[in-house]
Amino acid sequence: MGSLRRKGHGMTSPVQQQDPAHPAHFSRRSVVTGALAVAAGAALPLLPAGRAHAAAGPEIASCATWGARPASEAVVILANRPERIIVHHTATLNVTDYSQQRAYALARAIQTYHMDAQGWIDTGQHFTVSRGAFLLEGRHNSLAELRTGTRQVRAAHCVGQNTVSIGIENEGTYMTEEPPTAQFAALADLCAHICRQYGLPASEIYGHRDFNSTSCPGDRLYALLPTLRENVATRLGSPLTQPVQDPIQDLIDKATTHSLNPLPEYLPAGLLP
């Protein structure tokens, strides 16, 4: 793994047992591009029921709405609030199908890969933003805990950060292209809602590569994170402040070097059309 570029991790109180995160030998684009072909053929009715309407918050399609299968075991609810938000990209094709049906199929495909190929108990991230700007719950109970604003679900989206952060996947590959304007705005809306619910400042928004040796969330989306923080701060109506720096971080950065992994994060070919 690469160097940790941000703060350390807080202590947590899991209510249930740790879920496994077995290493897999698949590329991201290859397993989600086969579950979507299957998912598209078994698409569920696109009903508005089940989409959460939080006060002053965006609509988020729940697991029940997009047709999630049950987690293989109870997800872990932690007694702590998250300390930050971590932004990812799915490393899938930059499709021009911006439909709700595509968004739901993507969510099912990601869950299929995470559970069947990675051996995880459920979807790894807390939330997903489709290229069509649809917001979806990822791991079960993430939406319910966001509503409470006091606890979080333990996830599997960023090594070392799964008990202290909220993970958001953005559909697409953003190494050389920027996300669609509507998708980026939806991401800002979601981040602002999460910050509001958990009392986080907009400065506590990071990219996956800030903590692990990876190219995620892509060079272009990562370069947009300062803009994302500014947009979120504007939505919150508060000034953008700098995060508290770890006093030994410079020593760690100087002592540790790594090259970013250029390979896709997950979602192998065949799971998505």
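These are my notebook entries on what I looked up in this predicted model.

**Entry 1: strand E4**

I began with strand E4, residues 84-89. Is this strand enclosed or open? Six of the six residues of E4 are buried, so the rest of the structure largely encloses the strand. I then checked the two faces separately. Arg 84, Ile 86 and His 88 sit on one side, Ile 85, Val 87 and His 89 on the other, and all of them are buried. That fits a general pattern I jotted down: in a regular strand, side chains alternate between the two faces of the sheet.

Next I looked up the partners of E4. Strand E8 pairs with E4 in the parallel sense, over six bridges. Strand E9 also pairs with E4 in the parallel sense, here over three bridges. Ile 85 was a handy residue to follow. Opposite Ile 85 in E8 I found Ile 166, and in E9 the bridge partner of Ile 85 is Ile 205.

**Entry 2: Gly 207**

I stayed with E9, since Gly 207 belongs to that strand (residues 205-207). How exposed or buried is Gly 207? Its relative accessible area is 0%, so I put Gly 207 down as buried. I then asked what surrounds this glycine. Ignoring neighbours within four places in sequence, I listed Ile 86, Val 87, Pro 217, Tyr 222 and Leu 225 as contacts of Gly 207. Ile 86 and Val 87 were already in my notes as buried residues of E4. I also looked up the gap to His 88: the two C-alpha atoms are 6.5 Å apart, although 119 residues separate Gly 207 and His 88 along the chain.

**Entry 3: nonpolar cores**

Which residues have the most contacts inside the largest nonpolar core? I found Ile 85, Phe 127, Ile 168, Ile 194, Leu 228 and Val 232, in a core of 30 residues. So Ile 85 turns up again in my notes, this time as a core residue. Elements giving two or more residues to this core are strands E4, E5 and E8 along with helices H4, H5 and H7. H5 supplies the largest share, 10 residues. There is a second, separate core too; it has eight residues, among them Ala 61, Cys 63, Tyr 104 and Ala 107.

**Entry 4: helix H3**

Helix H3 runs over residues 100-117. I compared its span with what is expected. From first C-alpha to last, the 18 residues of H3 reach 25 Å, close to the 26 Å expected at 1.5 Å a residue. I also looked up burial: 15 of the 18 residues of H3 are buried, so this helix is largely enclosed by the rest of the structure. After H3 comes Gly 119, where I noted a positive phi, near 80 degrees.

**Entry 5: salt bridges**

How many salt bridges does the whole structure hold? My search found eight. I went through some of them.

Arg 69 and Asp 116 meet through their side chains at 2.9 Å, N to O. Arg 69 lies in the loop between helix H2 and strand E3, while Asp 116 is in H3, so this pair ties together parts 47 residues apart in sequence. Arg 69 is partly exposed, at 32% relative accessibility.

Glu 145 and Arg 151 form another salt bridge, at 3.0 Å from N to O. Here I noted a contrast: Glu 145 is buried at 6% relative accessibility, whereas Arg 151 is partly exposed at 34%.

Glu 83 and Arg 84 also pair up, their closest N and O atoms lying 3.2 Å apart. Glu 83 counts as partly exposed at 26%, but Arg 84, at 0%, counts as buried. Glu 204 comes in as well: Glu 83, Arg 84 and Glu 204 are linked in a network of salt bridges.

**Entry 6: cysteines**

I finished with disulfides, and the search of the whole structure gave zero. Why is Cys 158 not bonded to Cys 216? Cys 216 holds the closest cysteine sulfur, but at 8.6 Å from the sulfur of Cys 158 it is too far for a bond. The cut-off here is 2.5 Å between the sulfur atoms. Cys 191 tells a similar story: the closest cysteine sulfur, in Cys 195, is 6.4 Å away, again too far. Both starting points are buried, Cys 158 with a relative accessible area of 2% and Cys 191 with 0%.

Note on methods: Residues numbered from 1 in each chain as written. Predicted model: local features only at pLDDT ≥ 70, side-chain atom pairs only at ≥ 80, totals over all residues. Heavy atoms only, no water. Salt bridge = Lys/Arg side-chain N within 4 Å of Asp/Glu carboxyl O. Helix = DSSP H or I, 4+ residues; strand = E, 2+ residues; numbered from the N terminus. Buried < 20%, exposed > 50% of the residue type's maximum accessible area, 1.4 Å probe, protein only. Core = buried A, V, L, I, M, F, W, Y, C linked by side-chain atoms within 4.5 Å. Expected span 1.5 Å × (residues − 1). Contact = heavy atoms within 4.5 Å. Pairing = 2+ DSSP bridges.
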